[in-house]
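Work through the exercises below with the structure open. Each task is followed by a stepwise solution.

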Amino acid sequence: MTLHQNLIAGEWVGTDGIENINPSNTNEVVGLYARASADDAKTAIAAAKAAFPSWSRSGILERHSILKKTADEILARKDELGKLLAREEGKTLPEAIGETIRAAQIFDYFAGECLRLAGEVLPSVRPNIGVEITREPIGVIGIITPWNFPIAIPAWKIAPALCYGNTVVFKPAELVPGCSWAIADILHRAGLPKGVLNLVMGKGSVVGQAMLDSPDLAAITFTGSTGTGKRVAASSIEHNRKFQLEMGGKNPMVVLDDADLTVAVEAAANSGFFSTGQRCTASSRLIVTEGIHDKFVAALTEKLKGLVVDDPLKAGTHIGPVVDAGQLKQDTDYIAIGQSEGAKLAFGGETISRDNPGFYLQPTLFTEATNQMRISREEIFGPVASVIRVKDYEEALSVANDTPFGLSAGIATTSLKHATHFKRNSEAGMVMVNLPTAGVDFHVPFGGRKASSFGSREQGKYAAEFFTVVKTAYTLA
Ligand code: NDP
């Protein structure tokens with residue numbers, strides 16, 4: 001089997017490989033991927049540092065052209081890359097192809113941003129002096145990504161980093177190296193100079209830790225668990241570097257008595273269970289007012305009965321497997337915790353067998369949950385959601401905001417008054433009205449509040465805030 005190597009200083013290197021296993025068929029090896037060492041990470045950081053002076057002064061047309069070529073190739077290969085994504089991560093083929101198209105759109109967007117770099121020219125408050133405000137690249141960016149969006153999250157960190165003239169050391173999640181390798185390969189062939197993007201696949205505790213320990217990274221952008229995020233933060237403060245964290249969520253979806261039941265059920269089913277619930281924006285707390293509670297639970301349960309859990313490549317599958325044995329254990333442990341806490345298991349809760357051995361779990365719905373239960377406070381990251389019954393809108397809003405997290409929040413209502421009030425008073429970074437809490441655009445800011453995020457927003461033009469540093473220059477006329 002071909003070994004997919006790491007890309008360091010423009011060379012493909014590495015001999016030691018690890019198998020990328022398909023979670024929907026654990027007998028199937030998706031590919032063999034090199035495992036970098038801590039020394040490889042140091043070499044990659046040195047290469048990115050050496051490449052920075054030249055790349056940071058490269059012409060905007062060169063950057064535009066490389067990002068555009070990358071976007072075009074990803075789009076042209078959407079079916080093949082989508083299939084790779086579905087095989088390594090487990091989301092259904094339509095979702096995986098959709099995510100691949102999203103990655104192409106992100107590269108395309110930032111190809112355009114290269115040509116729209118701008119500053120400001122202002123008069124000084126002092127006579128005969130001019131003031132210019134410009135954005136400059138910051139240096140070597142460390143990019144550490146999770147397994148749940150194997151192509152979109154790398155794209156939304158790599159594309160702006162390169163667009164604004166930074167060089168990159170990129171460590172993808174060890175579970176899903178395939179799409180990341182493909183992105184590095186495409187960028188390399190698109191003409192990216194040596195050392196501008198370095199790919200170091202391997203263990204977080206080895207490769208990721210070596211990145212955290214390096215004094216030569218000017219910034220780290222991270223998406224993943226709260227625990228690792230805290231390590232990124234502590235090490236970044238020690239090394240005086242910029243950092244940006246996107247971590248978990250415990251996203252509420254409020255359903256009011258006046259909601260359109262079909263809209264509410266579709267939104268809850270989509271954001272609670274699609275992508276196997278493995279989205280930081282998944283709705284895991286369904287906060288439902290008394291008047292619609294029973295109808296909503298009955299309709300959502302009926303909907304869940306019709307969802308097909310199977311191989312993601314099979315036509316008709318709605319939900320693929322959980323990503324690996326560790327995540328499956330976390331999900332089933334939380335299902336047991338929910339039952340022991342007194343929540344009622346209204347649907348699902350069991351692992352299931354399919355034609356091939358994989359990590360299949362039924363979509364699972366709890367009712368009679370309270371907001372104080374662990375299943376309502378801690379991120380499960382699986383196809384598990386809980387219904388919390390509340391009296392009215394005011395209680396629903398208060399329960400929605402009563403969480404350590406604040407990434408995304410939704411409301412299903414036909415009341416303009418309540419929708420408007422919720423948009424203003426939700427303590428989340430993103431608010432959805434009559435839409436799933438998951439599913440966002442690529443040209444607008446993405447991010448949360450409280451324990452969900454730290455630092456400036458990702459995506460769209462707001463990405464410039466993290467990937468550049470502002471300079472103010474004064475000139476005597
Ligand atoms: P992690 O935080 O462990 O992984 C995220 C990334 O960090 C991976 O690339 C990982 O590498 C890397 N990493 C791990 N340890 C270190 C370290 N010491 N130094 C630097 N980098 C490191 O999350 P998991 O993948 O283990 O998922 C655990 C939980 O996190 C999930 O169950 C879920 O609750 C949450 N999560 C949230 C996500 C979100 O989008 N908000 C996404 C994914 C997970 P490696 O792959 O080798 O572990």
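**Exercise 1.** At what angle do helix 3 and helix 6 pack, and how far apart are their axes?

*Solution.* The model is predicted.
- Step 1. Locate helix 3 at residues 78-89 and helix 6 at residues 177-189.
- Step 2. Read the geometry: the angle is about 150°, and the axes are 8 Å apart.
- Step 3. Classify the pair. Angles over 145 degrees count as roughly antiparallel, so helix 3 is roughly antiparallel to helix 6.
- Step 4. List the contact. Helix 3 brings Leu-81, Leu-84, Leu-85 and Glu-88. Helix 6 brings Pro-177, Gly-178, Cys-179, Ala-182 and Ile-186.
- Step 5. Sort the residues of this contact of helix 3 with helix 6: 7 are nonpolar, 1 is polar and 1 is charged.

**Exercise 2.** Determine how helix 4 and helix 5 are oriented, and which residues make their contact.

*Solution.*
- Step 1. Helix 4 covers residues 93-114, and helix 5 covers residues 152-163.
- Step 2. Their axes come within 9 Å and cross at roughly 10°.
- Step 3. Angles under 35 degrees count as roughly parallel, so helix 4 and helix 5 are roughly parallel to each other.
- Step 4. From helix 4, the contact takes Glu-99, Arg-102, Ala-103, Ile-106, Phe-107, Phe-110, Glu-113 and Cys-114. From helix 5 come Ala-152, Ala-155, Trp-156, Ile-158, Ala-159, Pro-160 and Cys-163.
- Step 5. The contact of helix 4 with helix 5 divides into 12 nonpolar residues, no polar ones and 3 charged.

**Exercise 3.** In what order do the 3 strands of the open sheet stand? Trace their pairing and find the helices that lie across them.

*Solution.*
- Step 1. The order is 1-5-4, with mixed pairing.
- Step 2. Find the edges. Strand 1 (3-4) and strand 4 (17-22) each have a single partner strand, so one side of each lacks a neighbour in the sheet.
- Step 3. Take the parallel pair. Strand 1 and strand 5 (residues 25-34) are joined over 2 bridges. Leu-3 stands opposite Leu-32 in strand 5.
- Step 4. Take the antiparallel pair. Strand 4 and strand 5 are joined by 6 bridges. Gly-17 has Ala-34 of strand 5 as its bridge partner. A hairpin of 2 residues connects strand 4 to strand 5.
- Step 5. Add the helices. Helix 3 lies across strand 4 and strand 5, at about 115° to strand 5. Helix 6 lies across strand 1, strand 4 and strand 5, at about 35° to strand 5.

**Exercise 4.** Is Thr-70 buried or exposed? Name its contacts beyond four places in sequence.

*Solution.*
- Step 1. Thr-70 sits in helix 2 (residues 60-76).
- Step 2. Its relative accessible area is 0%, so Thr-70 is buried.
- Step 3. Beyond its sequence neighbours within four places, Thr-70 contacts Phe-107, Ile-186, Leu-187 and Ala-190.

**Exercise 5.** Where does UniProt place the feature "active site"? Describe the surroundings of that residue.

*Solution.*
- Step 1. The unreviewed UniProt entry places it at Glu-246.
- Step 2. Glu-246 belongs to strand 12 (residues 242-246).
- Step 3. Buried means under 20% relative accessible area. Glu-246 has 3% relative accessibility, so Glu-246 counts as buried.
- Step 4. Leave out residues up to four places away in sequence. Glu-246 then touches Phe-222, Thr-223, Gly-224, Leu-407, Phe-446, Gly-447, Gly-448, Ser-452, Ser-453 and Glu-458.

Conventions:
Residues are numbered from 1 along each chain as its sequence is written. This is a predicted model: local features need pLDDT of at least 70, side-chain atom pairs count only at pLDDT 80 or more; totals for chains, interfaces and linings use all residues. Side-chain values use heavy atoms; hydrogens and water are left out. Axes are lines fitted to C-alpha atoms, for helices over the stretch in contact, and angles run from 0 to 180 degrees between N-to-C directions. Helices (H or I, at least four residues) and strands (E, at least two) are DSSP runs, numbered from the N terminus. Angles under 35 degrees count as roughly parallel, over 145 as roughly antiparallel, 65 to 115 as roughly perpendicular and the rest as oblique. Contact means heavy atoms within 4.5 Å. Ala, Val, Leu, Ile, Met, Phe, Trp, Tyr, Cys and Pro count as nonpolar, Asp, Glu, Lys and Arg as charged, and the others, Gly among them, as polar. UniProt positions are given in the numbering used here, feature names are shortened, and annotations may be inferred rather than shown by experiment. Buried means under 20% relative accessible area, exposed over 50%, partly exposed in between (1.4 Å probe, protein chains only). Two strands pair if DSSP finds at least two bridges between them.
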